[in-house]
Amino acid sequence: MTRPAAEGVVTILGLHRASAVEEAVRAAPPGSVVTAVLVTGDPKGLLPLARLALVDLRTCLRRAVPPDAWPRVRVVCDESGEVAAAAGVPAVSDATETAIRVVGGRIVARADGHGAGHAAATVSD
């Protein structure tokens, strides 16, 4: 399993809230890594479709945008819910929206609900 970075912002997002990663990317300090952990209530049925959509998006971006212009975003499909549980999310659904700020491998901020990514990204170290 791919693990989130030991520094930066980690957003745990249900598939209906996946676009909220943009808020964290825009709010994060320059050079910060933002990890989008995608979760769903139906991981066996929906995460393969999410992966397909991500590959398609990446293919289009590679043709249109130079790599040095890409934001520092990592995407993790959390089929088992292990990453979400480690971030303190007790249950996931397609509407999940939680974010944490990680500094030195430790969680220093946490936010839940709409705007969570922005809130966690703007916490100073």
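## Exercises on a predicted fold

This predicted model has a secondary structure of 4 helices and 5 strands.

**Exercise 1.** Work out in what order the elements of the protein run from the N terminus.

*Solution.* Start with the tally: 4 helices and 5 strands. Now walk along the chain from the N terminus, and you get β-α-β-α-β-α-β-β-α.

**Exercise 2.** Check the radius of gyration of the protein against that of a compact globule.

*Solution.* Step one: for 125 residues, the compact-globule value would be near 14 Å. Step two: the protein itself comes in at 14 Å, so the two agree. As a companion number, the C-alpha atoms fill a box of roughly 35 × 35 × 25 Å along the principal axes.

**Exercise 3.** Decide whether Arg17 is buried or exposed, then find its contacts.

*Solution.* First, locate the residue: Arg17 sits in the loop between strand 1 (8-14) and helix 1 (21-27). Next, take its relative accessible area, which is 19%. Buried means under 20%, so Arg17 counts as buried. Finally, skip the neighbours within four places in sequence; Arg17 then touches Glu23, Asp94, Ala95, Thr96, Glu97 and His114.

**Exercise 4.** Describe the burial, contacts and surface of the whole protein.

*Solution.* Begin with burial: 38% of the 125 residues are buried. Then take contacts between residues at least 6 apart in sequence; 68% of these join residues at least 24 apart. For the surface, the accessible total is about 7100 Å², with 57% belonging to carbon and sulfur atoms.

**Exercise 5.** Find how far apart the mean positions of the positive and negative charges are.

*Solution.* Count 13 positive and 13 negative charges, then compare their mean positions: these lie 5 Å apart.

Methods: Residues numbered from 1 in each chain as written. Predicted model: local features only at pLDDT ≥ 70, side-chain atom pairs only at ≥ 80, totals over all residues. Heavy atoms only, no water. Helix = DSSP H or I, 4+ residues; strand = E, 2+ residues; numbered from the N terminus. Buried < 20%, exposed > 50% of the residue type's maximum accessible area, 1.4 Å probe, protein only. Contact = heavy atoms within 4.5 Å. Rg over C-alpha atoms; globule rule 2.2 N^0.38 Å. Areas by Shrake-Rupley, 256 points an atom, 1.4 Å probe, with all protein chains shown as cover. Lys, Arg positive; Asp, Glu negative; His and termini not counted. Charge placed at Lys NZ, Arg CZ, Asp CG, Glu CD.
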